[in-house]
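Here is a structure to read together. A learner asks how to read a few features, and a teacher replies.

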Amino acid sequence: MSPLWTFLPLGLAVVSAGTPWRFRGLSLSVGLAGLAWVALGGMGWASGWGAPYLYLLLLGALTLGLAPYLPAYLALHPREAHLYALLIPLFLASMAGVALTSPGFGFLFLWEGMALLGYFLIALEGPNALAGARAFFLASRLSGAGLYLAFLGHAHLGADWVWAGLLLGFGVKAALFPFHTWLPQAHPVAISPVSALLSGAMTKLGLLGLYQSQHWFGPPPPWVGWVLLLLGLSGAVYALVRGLGEEDLKGALAYSSVENLGLMLSALGAYFLKPIPLLLGAFFLHQVAHALFKGLLFLGAGTLAERRISHLGGLFRKAPELGALALWGMVAGAGLPPGPVFLAEWQLYQGLLQGPFLVPLAAGALALVGALALYFYVRLFGLAFLGLPRGEVEVYRSQGMHLGLGVLAGLLLLLALAPGLVLEPLGVRTYPNWVLLTLLGVLAGAFYRGLLRRPMRVYGTWDCGFHPLTPRMQPNGLGFAEPALRLFPFLRLQVGERPHLEEPLAEVYPGMGHLYARLAALVQTLQSGSLHLYLLLQLLTLVVVLGVVLL
Amino acid sequence: MTAALALLLAPLFSGSVKWLKARLTQRQGLSPLMEYRNLAKLWRKVWIRPHTTTPVFLLGPILALLGTVGALVLLPVLPGPAFKGDFLLALYLLGLGRFFQMLAALDAGSSFGAQGSYREGVVTVLAEPGTLMAIAGAILLGDGFSLSGLPELGVENSLVLLLALASLALALLAEGARMPVDDPTTHLELTMVHEAQVLDHSGPLLALYELAGSLKMLFYAGLMALLLPGFKPLVFLGVVVAWVLALAYLETYGVKLRYLRLPDFLSYNTLFGVLALLGAVWRF
């Protein structure tokens with residue numbers, strides 16, 4: 001049975017984009033496609049048809065959450081809504097297509113098409129998104145260049161060159177360390193559903209590609225594993241530290257994506273060094289969990305009119321249902337126990353500790369990542385949702401949006417209760433997480449009710465007997481992170497009237513753009529328009545060709 | 001089992017430290033058993049809910065306690081559940097408690113709570129990697145990849161285990177909010193870390209926090225007891241007594257480090273952790 005039938009609803013979505021009931025049609029058909037992918041992907045993964053089906057499952061789950069959310073969200077953007085309604089189904093289809101095709105020209109065509117659609121989706125946001133869209137575009141050029149090197153050259157070049165190309169091609173998509181800067185530039189500027197898709201699903205295609213490459217092009221040389229492990233972990237630490245100083249809520253979430261992708265890359269790298277099933281379990285479980293919780297958080301951020309952390313605050317009391325969903329997403333995202341991300345990290349730790357040579361030391365880096373992630377998510381949730389409100393923030397509420405968030409949160413809970421859905425085909429087992437989750441839930445609930453029954457008085461927060469507390473007395477986004485940022489000297493932090501955090505790696509993509517322009521200018525000198533020069537060039541070419549042929 | 005024992009011991013532990021500190025400064029001091037009555041009194045009291053707060057304010061103390069108890073359940077001083085990789089779950093359950101404690105501190109909307117919260121975050125970032133590497137080093141030398149298979153201090157593994165013990169001792173001071181890192185008796189905003197977070201919690205909420213605080217220290221003491229040879233429950237009691245003496249001495253004659261000097265202090269924790277793990281990998 002060809003999996004192509006699952007693309008049919010998306011065709012309907014594209015057709016319905018031009019009709020008056022486009023939103024309802026979009027929701028329905030995208031939801032159908034999501035259901036079909038979840039069903040097909042679940043069946044395929046359970047019966048061992050390979051990693052692409054897990055990817056299909058992941059994409060389908062994310063799409064299920066997106067389907068009820070999209071119409072309500074797009075109604076807030078009436079001007080570009082029809083374009084989004086046209087592009088998003090195409091983007092979904094291209095991602096699923098990339099996952100299912102085998103390497104070759106079809107793959108490259110879909111890969112570039114996906115990159116182009118992603119670029120359009122980001123650039124649609126208007127002039128503010130220009131820098132981000134440009135960075136995304138350059139990153140996809142770089143990624144494409146790597147893939148051409150690997151795909152076209154694998155018959156002629158050695159494994160080292162092919163894998164260098166694959167690392168560049170798929171690694172840039174998966175935000176490998178020094179090339180990750182496109183991600184925090186591009187993802188926050190796109191609209192929230194697109195950010196959720198880019199961060200939750202598209203980046204995973206790089207990981208999937210790297211994993212599948214060992215079946216396509218043969219096993220990687222050992223240096224590939226080391227590069228993935230080292231760059232993955234350095235990227236995770238770097239992204240968390242930089243993200244701690246990020247003021248934009250979605251920007252911070254994008255840095256957290258770089259962290260999570262770094263952990264997945266290091267899991268894959270360690271697996272290349274020593275194939276332990278636990279590492280593969282960490283690699284795949286983390287992908288699904290990350291897609292779900294990051295989708296939940298990005299879509300949740302989309303319901304807020306204000307995204308600067310230092311201007312939020314007290315949202316939990318204003319929108320308790322959103323607060324509860326975000327809290328669950330952030331507990332999961334911080335890698336804390338009952339959540340599925342912890343299960344993945346738990347396997348990664350064990351896999352690393354059993355690794356060869358000095359690999360066990362990477363567990364220390366992983367512990368640092370865990371502690372930083374804790375700090376990072378306390379900052380995000382605590383400053384945005386708790387405390388006194390720092391300003392008037394509009395929260396868009398609609399049933400569809402809440403339904404979408406609820407679906408993703410529910411799927412995340414399902415994954416925490418039954419991680420075997422992902423892990424069973426790999427033959428990996430975890431401790432019984434559902435026992436822990438149930439016990440914690442029941443006991444916490446009992447304590448909570450018990451405490452509410454105890455005599456209580458509602459009163460103001462203690463203010464030392466001076467003037468009453470004002471919201472400005474709470475630390476702002478940079479103030480909360482400052483003590484931790486001082487520990488890491490690779491970031492330059494300026495405090496004072498205009499606090500500012502510099503991004504030392506910000507120049508990677510603009511620099512590449514300049515280089516590309518210089519190269520183009522050099523080539524342009526050949527096109528002088530002078531007939532004499534062209535004739536000379538022709539003669540030279542003839543001489544060279546004859547020389548090569550005759551000698 | 002271990003958790004039940006620790007729950008019984010925890011008030012006595014913190015009570016004795018307070019009593020001994022009082023005696024060392026020539027004061028009478030309250031009875032070491034006072035802490036039990038104190039907890040019972042706190043549980044009965046009316047508690048104050050700041051008007052800015054959300055359910056997270058209550059979840060803070062609840063999950064701080066549940067997380068610590070959960071970690072203690074996995075600690076095989078007395079027999080309990082054990083499985084591959086349980087040490088990671090135990091450490092991360094402590095992390096869960098810390099996460100909610102930090103959030104609850106932010107919930108009151110005052111600058112104190114927030115200060116305590118980010119300082120706790122910095123201490124965690126500094127202390128966590130070394131602690132984990134120390135335990136991982138000991139686990140690698142043992143069998144079964146679990147806390148129940150930890151090796152005991154002997155001649156052939158002395159280097160790794162001594163380094164791990166040293167690292168855990170420093171972690172106990174940092175995570176238990178004790179002297180060179182935090183001054184548990186102060187209410188001065190310049191110095192407090194743990195106190196600042198619990199400042200707005202009163203009555204039964206404070207009781208849960210106090211219990212969780214002493215239980216956390218017993219967890220680290222229990223980990224150290226697992227690495228020492230002998231009948232585990234007795235060794236555990238011995239380690240606890242040793243810690244009561246050490247803490248009282250340290251907090252009477254020592255000073256709190258300046259906040260900016262913390263990285264220097266905790267770098268030893270990381271260093272010992274790295275060396276312990278290296279030693280375990282290369283089988284020194």
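The dialogue below takes up a helix, a pocket and two backbone angles in this predicted model.

Q: How many residues does helix α8 of chain B have, and what does it reach from its first C-alpha to its last?

A: Start with the general idea. An α-helix has 3.6 residues a turn, so residues three or four places apart point the same way. Now the case here. Helix α8 of chain B runs over residues 204–227 and has 24 residues. The helix reaches 35 Å, close to the 34 Å expected at 1.5 Å a residue.

Q: Is α8(B) largely enclosed or largely open?

A: Buried means under 20% relative accessible area. By that cut-off, 22 of the 24 residues of α8(B) are buried, so the helix is largely enclosed by the rest of the structure.

Q: What lines the second largest pocket?

A: The pocket has a volume of about 590 Å³. Its lining has 25 residues, and R242(A), E246(A), E247(A), D248(A) and Y255(A) lie nearest the centre. By class, the lining residues are nine nonpolar, ten polar and six charged. Among the elements of chain A that each supply at least two of them are α6 (130–153) and α11 (249–273).

Q: What is the sign of phi in F357(A) and where does the residue lie?

A: Most residues other than glycine have a negative phi. F357(A) has a positive value, near 50 degrees. The residue lies in the loop between α15 and α16 of chain A. F357(A) is exposed, at 53% relative accessible area.

Q: Where is Q26(B) found?

A: Q26(B) sits in the loop between α1 and α2 of chain B. Its phi is positive too, near 65 degrees. Q26(B) counts as exposed, at 72% relative accessibility.

Key. Residues numbered from 1 in each chain as written. Chains lettered and ligands numbered in written order. Predicted model: local features only at pLDDT ≥ 70, side-chain atom pairs only at ≥ 80, totals over all residues. Heavy atoms only, no water. Helix = DSSP H or I, 4+ residues; strand = E, 2+ residues; numbered from the N terminus. Expected span 1.5 Å × (residues − 1). Buried < 20%, exposed > 50% of the residue type's maximum accessible area, 1.4 Å probe, protein only. 1 Å grid on protein atoms, 1.4 Å probe; cavity = no way out; pocket = protein on both sides within 12 Å on 5 of 7 lines; lining within 4 Å. Points joined across faces, edges and corners; volume = space filled by probe spheres on them. Nonpolar A, V, L, I, M, F, W, Y, C, P; charged D, E, K, R; others polar.
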